[in-house]
Amino acid sequence: MIVRPYPARMADLIAIDLPAGMPFVEAVRAAWDRGDAVMPIDSRLPPAARAALLDAMQPTRLVDADGERALDGGRPVEPGDAVVMPTSGSTGIPKGVVLTHDAMAASAHATAARLGVGPTDRWLACLPLAHIGGFSVITKAIMNGTPLTILPGFEATAVEVAARDGATLVSLVATALQRIDPSLFRVIVLGGSRPPADRPPNCVTTYGMTETGSGIVYDGVQLDDVELRIAPDGEVLVRGPMLLRCYRDGTTPIDADGWLHTDDVGRLADGRLQVDGRRGDLIVTGGENVWPDTVERVLQAHPDVGEVAVAGVDDDQWGQRVVAWVVPFAGAHPSLAGLRAFVAESLPTFMAPKELVLVSSIPRTVLGKVIRTALSRAHSA
């Protein structure tokens with residue numbers, strides 16, 4: 001564990017605008033060694049989005065290809081803060097999630113204990129570093145002293161080469177998993193979108209969010225020191241030492257008893273967490289509740305369906321109707337009647353889609369999660 005004497009002064013927030021690689025890691029280490037916090041910037045952002053992010057997060061300094069310099073109008077962070085991580089912004093303006101060194105260390109140590117990380121292991125970072133799923137791989141390596149290989153991004157051949165060169169641990173999303181030989185790794189940590197039904201035995205699924213500093217539930221079981229509770233309305237509540245301190249604007253989703261309100265709905269079954277989905281994703285059609293993920297899981301098994309996303313749209317008769325956006329396999333021609341019959345084989349008929357939209361791609365975040373609001377907006381346009 002890294003122990004630092006935090007300075008009495010207010011700490012700087014260092015925005016790091018560098019591509020994935022060792023210079024990025026060295027910039028993080030340098031900031032932390034000074035007692036400052038970092039904020040990774042996605043190098044793929046267009047200039048206007050980059051400027052808007054800097055304006056919203058108000059870092060005090062910037063590190064980029066030209067070196068390090070002070071920024072006007074910056075605002076410091078509290079001593080002990082490690083990172084301000086912008087959220088994905090899929091539902092609006094990004095919030096800066098403030099995570100402390102203690103929180104990141106708690107996450108790193110609990111993950112290492114659950115995965116049995118040892119002296120022969122090496123992490124591979126190949127997910128975007130401006131998101132917690134990619135950045136937390138670096139913190140797990142730094143805070144546990146585990147060797148690290150870092151790639152500019154996911155590229156199947158490069159990932160497999162890294163595995164053959166000694167990388168044993170990697171964090172991936174479902175679409176990336178399908179493009180590599182998973183047996184090359186000792187453990188694959190799978191986050192983001194829904195895992196495939198035939199995931200390999202060395203692949204563990206995670207549940208977490210930026211506010212929890214990365215995954216806190218592995219294959220349905222929480223990490224050590226993490227508490228789970230289901231509220232009376234079905235919301236998943238979590239408590240533990242790896243939670244955020246607050247958002248950049250000073251607000252917090254943590255209540256007076258220390259519980260983080262996730263806005264996810266789920267249940268505990270045989271001691272394992274099962275998440276149904278985001279509360280805002282729930283479709284209420286004809287008075288019946290439909291979780292998109294449940295329908296997607298069935299439709300994904302249809303032989304004509306390459307990718308699928310489900311969301312609700314307004315309907316004068318039903319309140320909402322279930323709509324399926326489908327990317328067909330090459331040469332396939334799925335029909336609404338065929339998909340409805342397929343769903344009805346395993347789910348109630350009210351959960352079957354009432355409308356089919358054939359598309360060439362599904363809008364997703366960089367970590368593979370479906371952006372359902374984009375589907376609904378496009379449908380209404």
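This note goes through a predicted model point by point, from a sheet and two helices to single residues and cysteines.

1. The sheet. Seven strands form an open sheet with mixed pairing, in the order β8-β7-β9-β10-β11-β12-β13. The edge positions are held by β8 (148-150) and β13 (221-222), and each has a single partner strand, so one side of each has no neighbour in the sheet. In general, the strands of a sheet pair through backbone hydrogen bonds, either parallel or antiparallel.

2. One pair within the sheet. Strand β7 (residues 123-125) and strand β9 (residues 169-173) run parallel and are joined by two bridges. In this pair, leucine 124 stands opposite valine 170 of β9.

3. Helix α2. This helix covers residues 47-57, and its buried residues are Leu53, Leu54 and Met57. Viewed down the axis of α2, they fall within an arc of 95°, so they line one face of the helix. The face turned away from the buried side carries Pro47, Ala48 and Asp55, which are exposed. What covers the buried residues of α2 includes four strands: β1 (13-16), β2 (37-40), β5 (81-86) and β6 (96-100). Just after the helix comes glutamine 58, with a positive phi of about 55°.

4. Helix α5. Here the helix covers residues 156-164, and the buried residues are Ala156, Val159, Glu160, Ala162 and Ala163. A reader may note that glutamate 160 is on this buried list. Down the axis of α5, the buried residues fall within an arc of 155°, so they too line one face of their helix. On the other side of α5, Thr157 and Arg164 are exposed. The buried residues of α5 pack against β7 and β8, and β8 is one of the edge strands of the sheet in point 1. Glycine 166 follows the helix and has a positive phi, near 125°.

5. Two aspartates with positive phi. Aspartate 219 has a phi near 50°, a positive value in a residue other than glycine. Its place is the loop between β12 (214-218) and β13. With a relative accessible area of 25%, aspartate 219 is partly exposed, because it lies between the limits of 20% for buried and 50% for exposed. Aspartate 263 also has a positive phi, near 70°, but this residue is found in a strand, β17 (residues 260-269). Aspartate 263 counts as partly exposed at 28% relative accessibility.

6. Alanine 378. This residue is in helix α9 (residues 372-380). Is alanine 378 buried or exposed? Its relative accessibility is 57%, so it counts as exposed, the limit being over 50%. Between alanine 378 and aspartate 66 there are 40 Å in space, C-alpha to C-alpha, and the two are 312 residues apart in sequence.

7. Cysteines. How many disulfides does the structure hold? The number is zero. Cysteine 126 is in no disulfide, and the nearest cysteine sulfur is that of cysteine 203, 13 Å away. A pair of sulfur atoms must be within 2.5 Å to count as a disulfide, so this pair does not qualify. As a reminder, a disulfide is a covalent bond between the sulfur atoms of two cysteines. Cysteine 126 is buried, with a relative accessible area of 3%. Cysteine 246 is buried as well, with a relative accessible area of 9%.

Definitions and conventions. Residues are numbered from 1 along each chain as its sequence is written. This is a predicted model: local features need pLDDT of at least 70, side-chain atom pairs count only at pLDDT 80 or more; totals for chains, interfaces and linings use all residues. Side-chain values use heavy atoms; hydrogens and water are left out. Two strands pair if DSSP finds at least two bridges between them. Buried means under 20% relative accessible area, exposed over 50%, partly exposed in between (1.4 Å probe, protein chains only). The arc is that of the directions from the helix axis to the C-beta atoms. Contact means heavy atoms within 4.5 Å.
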